[in-house]
Amino acid sequence: MGYATATLNQIKDLLKKTSDPFLREYLNVFVEQYDDAIEDIPIAIQNVGSHNFASRIKADEVVAEAQTCEKIFTDLPNRKCKLPLTVENDMVKKLVMIAAGIVASLG
């Protein structure tokens with residue numbers, strides 16, 4: 001959860017620094033996506049051991065939220081480029097996928 005929170009804080013910093021209205025609009029979407037992800041992570045952790053299926057679903061939701069950020073940014077009109085936080089966004093996805101794999105191995 002710490003890495004997702006750090007990424008959210010970086011998105012908020014970018015939001016404060018940009019005056020581009022399109023970028024501001026999409027960064028606000030990223031904030032919403034990461035807020036949702038940060039809410040889902042503790043639920044996933046809480047369900048490990050007793051409700052592994054529910055835990056995997058929450059982990060999948062976190063990955064989907066991170067992927068949405070990347071896709072939205074690359075789909076911006078006239079901006080076929082990467083999200084300024086691609087490395088951080090990818091790390092969040094990878095960490096959650098590793099955790100989901102561990103939970104899946106528990107049954």
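**Notebook: how H1 meets H2**

I looked up the crossing of H1 and H2 in this predicted model, and I noted that the crossing is left-handed.

Next I looked up where these helices lie and how their axes are placed: H1 covers residues 2-17 and H2 covers residues 21-47, and their axes come within 9 Å and cross at roughly 160°. Because angles over 145 degrees count as roughly antiparallel, I wrote down that H1 is roughly antiparallel to H2.

Then I asked myself which residues of H1 and H2 make the contact. On H1, I listed Ala 4, Thr 5, Thr 7, Leu 8, Ile 11, Lys 12, Leu 14 and Leu 15. On H2, I listed Arg 24, Leu 27, Asn 28, Phe 30, Val 31, Tyr 34, Asp 35, Ile 38 and Ile 41. Sorting the residues of this contact by kind, I found 11 nonpolar, three polar and three charged.

After that I turned to the protein chain as a whole, where I found four helices and zero strands, which gives the pattern α-α-α-α when read along the sequence. I also looked up the extent of the chain, and its C-alpha atoms fill a box of roughly 45 × 20 × 15 Å along the principal axes.

My last entries concern burial, surface and contacts. The protein chain has 107 residues, and buried residues make up 37% of them, while the chain exposes about 6300 Å², with carbon and sulfur atoms supplying 59% of that area. When I considered contacts between residues at least 6 apart in sequence, I noted that 62% of them join residues at least 24 apart.

Definitions and conventions. Residues are numbered from 1 along each chain as its sequence is written. This is a predicted model: local features need pLDDT of at least 70, side-chain atom pairs count only at pLDDT 80 or more; totals for chains, interfaces and linings use all residues. Side-chain values use heavy atoms; hydrogens and water are left out. Axes are lines fitted to C-alpha atoms, for helices over the stretch in contact, and angles run from 0 to 180 degrees between N-to-C directions. Helices (H or I, at least four residues) and strands (E, at least two) are DSSP runs, numbered from the N terminus. Angles under 35 degrees count as roughly parallel, over 145 as roughly antiparallel, 65 to 115 as roughly perpendicular and the rest as oblique. A crossing is left-handed if the near helix is turned anticlockwise from the far one by less than a right angle, and right-handed if clockwise. Contact means heavy atoms within 4.5 Å. Ala, Val, Leu, Ile, Met, Phe, Trp, Tyr, Cys and Pro count as nonpolar, Asp, Glu, Lys and Arg as charged, and the others, Gly among them, as polar. Buried means under 20% relative accessible area, exposed over 50%, partly exposed in between (1.4 Å probe, protein chains only). Accessible areas come from the Shrake-Rupley method with a 1.4 Å probe; for residues, only the protein chains shown count as cover.
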